[in-house]
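I opened the model today to look things up, one item at a time. My notes follow in the order I took them.

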Amino acid sequence: MYDIIIIGGGPAGLTAAVYARRAGKSVLVLEKDALGGQITWSPRVENYPAIPSVSGMDLGNLMAEQAMEQGAEVEIDEVVEIRDCVDHKLVCCAFGTEYEGKAVILATGAKPRTLGIPREEELVGCGVGYCAVCDGAFFKDQIVAVNGGGNSALQDALLLSETCSRVYLIHRRDRFRGEEKLVEALRSKKNVEFVLNAAVTELLGEEELKGIVVEQDGERRWIELSGLFVAIGHEPDNKAFRNVVKLDAGGYVSAGEDCMTGTAGVFVAGDCRGKKIRQVTTAVADGAVAALAACAWLEG
Ligand code: NAP
């Protein structure tokens, strides 16, 4: 039996692992994809203290290495259920493996939000993508679009503008939510066009994306392209835990800044928690708070 099982190997979960190990607890981190979490999709992180500029992949790897060097065990497995067994929690995974932990920290982050338009799902990997860092290189010298107005969309558009012949940045408002510094950098790019007050409504092409239809100021506009990167934020995926913790209307785990869920022995950290600011810095802060709360709870 582990002292603490951490579900999610992003910045929140990995920071929790470091703190829990340094407090002498046995720790298992369960991650369903790859360690590092969402940040690994970010080409550049320039607002993480003491590191002026780093790729998200490198930052995620550093965090994972640090947690493992401290002695955290890691398994790649998808948690599908948690059972509260009074004196411990039983963490059940997709292929039947079960792990026992005295305490659990939920740090599952959030997954990319989809546009919800026809054929989006079927064209994923055939022109439609959610990670320009991962897939942008496939579109060298081609025309692409990015949909969204936050930092992710702005960064994606900047990254793609380095290698693609043309980048349309499509946003549903006339102002961006992301940082002005990134907007300015995009304005100076000759191959970037802003398509504002606009929504992507149709995806064209049979087996591969060949173009999109955009509705802009009540008019329909056809844009020929081979790639569409959707960067419209993230949403949580906490359904597997709804029997042990309370979820808010958006599906986030309800908990205050103390990261306590209201269920004894279950804590929450990072983007999957209901909160206002979701940044790497706030995720790592949550990781520390949740781990220390779990340690205090274990010591009774
Ligand atoms: P975000 O800041 O929530 O922005 C999402 C954008 O998508 C918003 O502009 C939103 O429009 C738009 N949107 C949402 N739903 C939509 C829909 N159904 N159709 C069309 N557009 C839609 O998400 P994010 O850019 O992924 O960033 C998430 C967090 O990570 C933010 O706090 C961000 O600052 C942070 N981040 C940090 C870095 C870094 O370098 N450290 C990099 C990337 C992201 P509205 O503006 O109209 O709501």
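**Entry 1: the ligand**

I started at the ligand and found one of its oxygen atoms 2.5 Å from an N or O atom in the side chain of Arg177. I keep in mind that this is a predicted model.

I then asked how much of the ligand the protein covers. The ligand has 910 Å² of accessible area on its own, and the protein covers 79% of that.

I noted two further polar contacts. For Asn151, a polar side-chain atom lies 2.9 Å from an oxygen atom of the ligand. For Gly150, the partner is a polar backbone atom, 3.4 Å from a ligand oxygen.

Next I listed the shell. It holds 18 residues, and those that come nearest are Asn47, Ser152, Arg173, Arg177 and Gln279. I sorted the shell by class: eleven residues are polar, six are charged and one is nonpolar.

Which helix gives the most to this shell? I found that it is α4, residues 151-161, with three residues.

I also checked where the ligand sits relative to the domains. Domain 1 covers 2-112 and 234-299, and domain 2 covers 128-230. Both give residues to the shell, so the ligand lies between them.

**Entry 2: the nonpolar core**

I moved on to the largest nonpolar core and read off 34 residues. Ile4, Ile6, Leu59 and Ile105 have the most contacts inside it. I then traced which elements give two or more residues to this core. They are the strands β1 (2-7), β2 (27-31) and β6 (98-106), and the helices α1 (11-22), α2 (56-69) and α6.

Which element gives the largest share? I noted α6, with eight residues. As background, I wrote down that nonpolar side chains in soluble globular proteins tend to be buried together.

**Entry 3: positive phi**

I looked next at phi angles. Most residues other than glycine have a negative phi. Ala50 is not a glycine, yet its phi is positive, about 75 degrees. I placed Ala50 in the loop between β2 and α2. Is Ala50 buried or exposed? I read a relative accessible area of 84%. The cut-off for exposed is over 50%, so Ala50 counts as exposed.

Val86 also caught my eye. Its phi is near 65 degrees, again a positive value in a residue other than glycine. Val86 lies in the loop between β4 (79-84) and β5 (89-93). I noted 79% relative accessibility for Val86, so this residue counts as exposed.

**Entry 4: single residues and distances**

I picked a few residues and checked place, exposure and one C-alpha distance for each.

Lys276 came up in the loop between β17 (266-268) and α6 (280-299). I found Lys276 exposed, at 82% relative accessibility. I took the distance from Lys276 to Glu193: 31 Å from C-alpha to C-alpha, with their positions 83 residues apart in sequence.

Ala249 turned up in the loop between β16 (234-235) and β17. At 91% relative accessibility, I logged Ala249 as exposed. Its C-alpha is 27 Å from that of Ala198, and the two residues are 51 apart along the chain.

Glu180 I placed in helix α5, residues 180-187. How exposed is Glu180? I read a relative accessible area of 48%. Exposed needs over 50% and buried needs under 20%, so Glu180 is partly exposed. Glu180 and Cys272 are 92 residues apart in sequence, and I got 27 Å between their C-alpha atoms.

Gly211 I found in strand β13, residues 211-216. At 1% relative accessibility, Gly211 counts as buried. I set Gly211 against Arg175: they are 36 residues apart along the chain, and their C-alpha atoms are separated by 25 Å.

Note on methods. Residues numbered from 1 in each chain as written. Predicted model: local features only at pLDDT ≥ 70, side-chain atom pairs only at ≥ 80, totals over all residues. Heavy atoms only, no water. Helix = DSSP H or I, 4+ residues; strand = E, 2+ residues; numbered from the N terminus. Buried < 20%, exposed > 50% of the residue type's maximum accessible area, 1.4 Å probe, protein only. Near = heavy atom within 4 Å. Polar contact = N/O pair within 3.5 Å; in protein donor to acceptor, adjacent residues only side chain to side chain. Areas by Shrake-Rupley, 256 points an atom, 1.4 Å probe, with all protein chains shown as cover. Nonpolar A, V, L, I, M, F, W, Y, C, P; charged D, E, K, R; others polar. Domains from an automatic or database assignment. Core = buried A, V, L, I, M, F, W, Y, C linked by side-chain atoms within 4.5 Å.
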